[in-house]
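Q: I'm new to this one, and I'd like to learn how to read its features step by step. Can we take it a bit at a time?

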Amino acid sequence: MLFQSPIFLTFFIVIFPTTKLQEIVSTDPSFYYNLCAPSTCNNLTFSYPIGLSRFCHHPYIFPTCTNDQHLVLAGRGWADVYRVVGDITNNGMTYTIAVASNALFSCGPVSKPYYTVDSTIFNKLSDYYTPGTHLNCTRHPKTDQALMQVSCLGCEGDNDSHVCYYSLGYYASFPECENLYIFTPKDLNVSAEKDLRGYLQKGFNITYNLSTECWNCVASGGRCGTSPDASSFVCFCPSSAHNHTCSDGRIDLKTWIGVGRCSGHSKRLVFVLSTSLSMVILVTLTTLVALFIFCW
């Protein structure tokens, strides 16, 4: 996102479009174009789908810049919150970003039931990483599963009475344990890592591909964004807003409805009306022919 299997990192829950009138912030197209200029945080520069302004990020991701020091990506519901811990690099339409659970950077409970990523924005986790489950337990869980003892993830002195384990793959939490899905290089001996918390703070790489519609928008001179109700993509251009690119149907910023060249809604309406009119004409002609034959 947002999820088919825990092998994908999940940030969000599907939002359904709303039919209520969308909020009018400004009717000046340049306002949104300037708003969606690349954002900066802690020497990082980035834009859609993680731009900081609310019109300039994917509707399922909520980025914030805490004290101009840390870029944090949040989702909805029970999903984990991620801190960006490395550079954001891109190779054409593919972006790579290093993230780690934000809970690893403060004392207190770390383990959470779902540490996952959604594939609708982010690609499948690289084969370089092995997914596993870290278990923070009050005692050894009653299970036949193969568990190896590892260091706990709390700060020094936290939960000294707890014992922690690691298992390959994804497991639901045992009654005696809290769990956290972690992603480590295949060649890492997790049980031998004395400071597992510090190691996990280095993060792991996730990637996302810029959507074709955003790529086309940027290529036409626009900046990618969303409508106020986050239900549709918008291409913000210097002097106008559009459905897809700076040369297609323009959007009226008072109503956020496409005008000018036919928008998708307009095309559907024209099709329905033309189909209805054709049916009326066909019925009329059929009736006239039938009357003609009957009366003849």
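A: Sure, and keep in mind that this is a predicted model. Let's start with one serine: the side chain of Ser227 reaches the backbone nitrogen of Ser231 at 3.4 Å. A polar contact of 2.8 Å also joins the side chains of Ser227 and Asp229.

Q: Where does Ser227 sit in the chain?

A: Look in the loop between strand E12 (223-226) and E13.

Q: And is Ser227 buried or exposed?

A: Here's the idea: a residue counts as buried when its relative accessible area is under 20%. Ser227 has 3%, so it is buried.

Q: Let's move on to rings. How do I describe a pair of them?

A: You describe a pair of aromatic rings with the distance of the centres and the angle of the planes. A search of the whole structure turns up 13 aromatic pairs. Take Phe183 and Phe204: their ring centres are 4.9 Å apart, the planes make an angle of 45°, and the pair is tilted.

Q: Which parts of the chain does the pair of Phe183 and Phe204 tie together?

A: Phe183 belongs to strand E10 (residues 177-185) and Phe204 to strand E11 (residues 204-209), so the pair ties together parts that are 21 residues apart in sequence. Phe183 counts as buried, at 4% relative accessibility, and Phe204 is buried too, with a relative accessible area of 3%.

Q: What does an edge-to-face pair look like here?

A: Planes over 60 degrees apart count as edge-to-face. Phe236 and Trp256 are such a pair, with 90° between the planes and 6.3 Å centre to centre. This pair links distant parts of the chain, 20 residues apart: Phe236 is in strand E13 (residues 233-236), while Trp256 is in the loop between strand E15 (250-252) and strand E16 (257-259). As for burial, Phe236 comes out at 0% relative accessibility and counts as buried; Trp256, at 8%, counts as buried as well.

Q: Which residues do ring pairs link into a cluster?

A: The cluster is made of Tyr128, Tyr129, Tyr170, Tyr181, Phe183 and Phe204. You've already met Phe183 and Phe204 as a tilted pair.

Q: Which charged end sits over the ring of Phe105?

A: That's Arg83, whose charged end is 4.1 Å from the ring centre of Phe105. There's another case to look up: Arg223 lies over the face of Tyr33, at 4.0 Å from the ring centre.

Q: How is the open sheet of five strands ordered?

A: To read a sheet, follow the strands from one edge to the other. Here the order is E3-E4-E5-E6-E11, and the pairing is antiparallel. Strand E3 (62-66) and E11 are at the edges with a single partner strand each, so one side of each has no neighbour in the sheet. From one strand to the next, the twist averages 40°.

Q: How many bridges join strand E4 and strand E5?

A: Two bridges, in the antiparallel sense, between strand E4 (residues 70-74) and strand E5 (residues 82-91). Val72 stands opposite Arg83 in E5, and Arg83 is the residue whose charged end sits over Phe105.

Q: One last residue: what is Ser167 in contact with?

A: Leaving aside neighbours within four places in sequence, Ser167 is in contact with Gly132, Thr133, Ala146 and Leu147. You'll find Ser167 in strand E9 (residues 163-168), and Ser167 is buried, with a relative accessible area of 4%.

Notes:
Residues are numbered from 1 along each chain as its sequence is written. This is a predicted model: local features need pLDDT of at least 70, side-chain atom pairs count only at pLDDT 80 or more; totals for chains, interfaces and linings use all residues. Side-chain values use heavy atoms; hydrogens and water are left out. Rings of Phe, Tyr and Trp (its six-membered ring) pair if their centres lie within 6.5 Å; planes under 30 degrees apart count as stacked, over 60 as edge-to-face and the rest as tilted. Helices (H or I, at least four residues) and strands (E, at least two) are DSSP runs, numbered from the N terminus. Buried means under 20% relative accessible area, exposed over 50%, partly exposed in between (1.4 Å probe, protein chains only). A charge sits over a ring if NZ of Lys or CZ of Arg is within 6 Å of the ring centre and within 35 degrees of the ring normal. Contact means heavy atoms within 4.5 Å. Two strands pair if DSSP finds at least two bridges between them. Axes are lines fitted to C-alpha atoms, for helices over the stretch in contact, and angles run from 0 to 180 degrees between N-to-C directions. A polar contact is a pair of N or O atoms within 3.5 Å; within protein, one must be able to donate a hydrogen and the other to accept it, and residues adjacent in sequence count only if both atoms are side-chain atoms.
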